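Here are my notes on this model, set out as numbered points. Please read them with the structure open.

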Amino acid sequence: MGLRAPTWAWPALLLFGAALWPLEIHGLKNGLALTPPMGWLHWERFMCETDCKTNPWRCVSEQLFMQMADMMVFQGWLDAGYQYLCIDDCWLAPERDAQNKLQADPIRFPGGIKKLADYIHARGLRLGIYQDVGKKTCAGFPGSLDYYELDAQTFAEWGVDLLKFDGCYYGNLQQLEDGYRRMSMALNRTGRKIVFSCEWPLYARTLTKVNYSEVAEYCNSWRNFGDVADSWSSVKSILDLTSAVQDSLVPVAGPGAWNDPDMIVIGNFGLSMDQQITQMALWCIMAAPLLMSNDLREISAESKALLQNKEVIAINQDLLGAQGYKILKVFNFELWEKPLNAGSLAVSITNRMEEGGPRRFDLSRTMLWKGTACYEECYVTQLLPTRKEYGYLNTTAILPLWVNPTGTVLLRLD
């Protein structure tokens with residue numbers, strides 16, 4: 001028996017938590033990003049390293065992205081669903097060319113972006129690139145202000161599949177918002193399918209109340225908060241900020257329109273294994289884009305297995321497209337749930353204590369879906385930190401779960 005509420009209960013489920021789960025999504029109608037984009041993005045791990053003489057292994061260059069493309073194919077990342085290989089800031093030459101077109105740094109990208117795109121496409125991957133709505137990128141390279149249509153056409157000619165559009169040096173609020181609208185429309189007019197990843201709310205939210213319905217009409221995904229860092233304090237601050245404003249974020253999310261809490265930093269230096277599990281579990285619960293920023297050439301087997309766990313990825317890529325939300329915080333435990341296709345449910349329990357040992361959390365059906373989960377019985381599978389099948393649980397059962405400090409238990413109920 002699947003986890004299904006009776007027919008009369010579905011309206012209550014859809015409206016649970018102040019309409020956290022919308023009845024219909026009105027997102028950007030370009031047919032793209034119907035599930036959260038998955039891939040790799042250079043920024044957090046490699047930042048703006050441009051000195052290829054001193055640091056050839058880690059500089060932002062054609063070589064780096066070709067190596068990562070090969071790793072994504074031959075180490076199973078593409079097979080796991082990671083499709084987009086994304087360039088962030090610092091790929092540009094200091095000036096536009098004589099026709100005012102953007103150009104890659106000729107030393108670090110000697111073949112240009114078109115050659116790199118061809119290399120990536122030949123391996124079954126898709127290319128993402130970075131630009132800015134303002135006159136300069138955040139690192140000071142030429143921005144797209146006054147060149148939205150030209151830049152969109154240039155990206156299409158190069159074979160770009162995703163554009164991350166930052167918001168530095170934008171001028172005033174009207175220029176910021178108009179810039180995102182104009183670039184969205186310019187990308188669509190090229191005729192090439194290009195996912196549009198915005199940072200509109202990140203910059204606008206300090207100036208005005210963000211109209212997320214409008215943002216979703218122009219963007220496939222959007223950043224709400226600052227850059228993630230390779231630290232537990234950064235990851236937990238993003239979780240806290242997201243849950244604090246989830247009433248605004250969750251209703252607008254869905255196929256083609258995603259809230260982006262920023263990169264996955266699993267496989268780097270700052271997170272313990274329990275904290276890596278927490279980031280993976282909660283990014284999947286939040287239906288977030290899964291864009292790793294790490295070095296795939298030297299990632300540990302344990303981190304690789306976590307990132308390539310197909311049952312966990314299936315929570316993120318679920319076709320229903322519902323963003324999960326926090327439903328309970330008690331005794332330094334947080335309980336989140338995410339509705340899944342065919343009446344299933346994903347549930348995460350995070351222990352926010354940072355001292356001591358594993359602590360017990362007693363999970364009951366009354367905590368889930370406002371008490372309507374498991375109308376008769378459901379089959380419970382633990383996916384993280386290890387896989388375990390608890391079997392069928394009825395409506396009165398209590399499931400004791402032991403959760404490590406800063407760790408998370410991720411369950412699937414079917």
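1. A residue counts as buried when its relative accessible area is under 20%. The model is a predicted one, and the word is used below in that sense. Q279 has a relative accessibility of 0%, so Q279 counts as buried. This residue belongs to helix α13, which covers residues 273-285.

2. What surrounds Q279? Leaving out residues up to four places away in sequence, Q279 touches V235, M263, I264, V265, I266 and L271. One of these neighbours, I266, sits in the loop between β7 (258-260) and α13. Because its relative accessible area is 0%, I266 is buried too.

3. I266 has its own list of contacts. With residues up to four places away in sequence again left out, I266 touches Q276, Q279, M280, N294, I299, S303, L306 and L307. For M280, the separation from I266 is 14 residues in sequence and 7.9 Å in space, taken from C-alpha to C-alpha.

4. V235, another residue touched by Q279, is among the buried residues of α11. Helix α11 (residues 232-244) has 13 residues, and 18 Å lies between its first and last C-alpha, close to the 18 Å expected at 1.5 Å a residue. The buried residues of α11 are W232, S234, V235, K236, I238, L239, T242 and S243. They pack against α12 (246-249), α13, β9 and β10. As background, an α-helix has 3.6 residues a turn, so residues three or four places apart point the same way.

5. The strands β9 and β10 are part of an open sheet. Its six strands come in the order β9-β10-β11-β16-β13-β14, and their pairing is antiparallel. At the edges are β9 (325-330) and β14 (388-394), each of which pairs on one side only. From one strand to the next, the twist averages 20°. In general, strands of a sheet pair through backbone hydrogen bonds, either parallel or antiparallel.

6. How many bridges join β9 to β10? Strand β10 (residues 333-339) pairs with β9 in the antiparallel sense over five bridges. K329 has E334 as its bridge partner in β10, and Y325 has E337. The two strands form a hairpin with two residues between them, and F331 in the turn has a positive phi of about 50°.

7. On its other pairing, β10 is joined to strand β11 (residues 345-351) by seven bridges, and these strands run antiparallel. One bridge links P339 to its partner in β11, L345. These strands also form a hairpin, with five residues between them; here A342 in the turn has a positive phi of about 65°.

8. Is β10 mostly covered or mostly open? It is mostly covered, with seven of its seven residues buried. On one side the buried residues are F333, L335, E337 and P339, and on the other they are E334, W336 and K338, so both faces are covered.

9. Strand β15 (residues 398-403) has another pattern to check. L399, L401 and V403 point to one face and are buried, while I398, P400 and W402 point to the other and are not. In a regular strand, side chains alternate between the two faces of the sheet. Strand β12 (residues 359-364) pairs with β15 in the antiparallel sense over six bridges. In β15, P400 is the bridge partner of D362.

10. Helix α4 (residues 62-74) passes a simple length check. At 1.5 Å a residue its 13 residues should span 18 Å, and the end C-alpha atoms are 18 Å apart, which agrees. G76 follows α4 and has a positive phi, near 90°.

11. Which residues of α4 are buried? They are E62, L64, F65, M66, M68, A69, M71 and M72. Their cover includes β1 (38-41), α3 (43-46), α5 (77-80), β2 (84-86) and α6 (112-121).

12. The last point concerns α4 and α6. These helices pack at an angle of about 10°, with their axes 10 Å apart. Angles under 35 degrees count as roughly parallel, and α4 and α6 are therefore roughly parallel to each other. In the contact, E62, F65, M66, A69 and D70 of α4 meet G112, K115, L116, Y119 and I120 of α6. By class, the contact has six nonpolar, one polar and three charged residues.

Technical notes: Residues are numbered from 1 along each chain as its sequence is written. This is a predicted model: local features need pLDDT of at least 70, side-chain atom pairs count only at pLDDT 80 or more; totals for chains, interfaces and linings use all residues. Side-chain values use heavy atoms; hydrogens and water are left out. Helices (H or I, at least four residues) and strands (E, at least two) are DSSP runs, numbered from the N terminus. The expected span of a helix is 1.5 Å times one less than its number of residues. Buried means under 20% relative accessible area, exposed over 50%, partly exposed in between (1.4 Å probe, protein chains only). Contact means heavy atoms within 4.5 Å. Axes are lines fitted to C-alpha atoms, for helices over the stretch in contact, and angles run from 0 to 180 degrees between N-to-C directions. Angles under 35 degrees count as roughly parallel, over 145 as roughly antiparallel, 65 to 115 as roughly perpendicular and the rest as oblique. Ala, Val, Leu, Ile, Met, Phe, Trp, Tyr, Cys and Pro count as nonpolar, Asp, Glu, Lys and Arg as charged, and the others, Gly among them, as polar. Two strands pair if DSSP finds at least two bridges between them.
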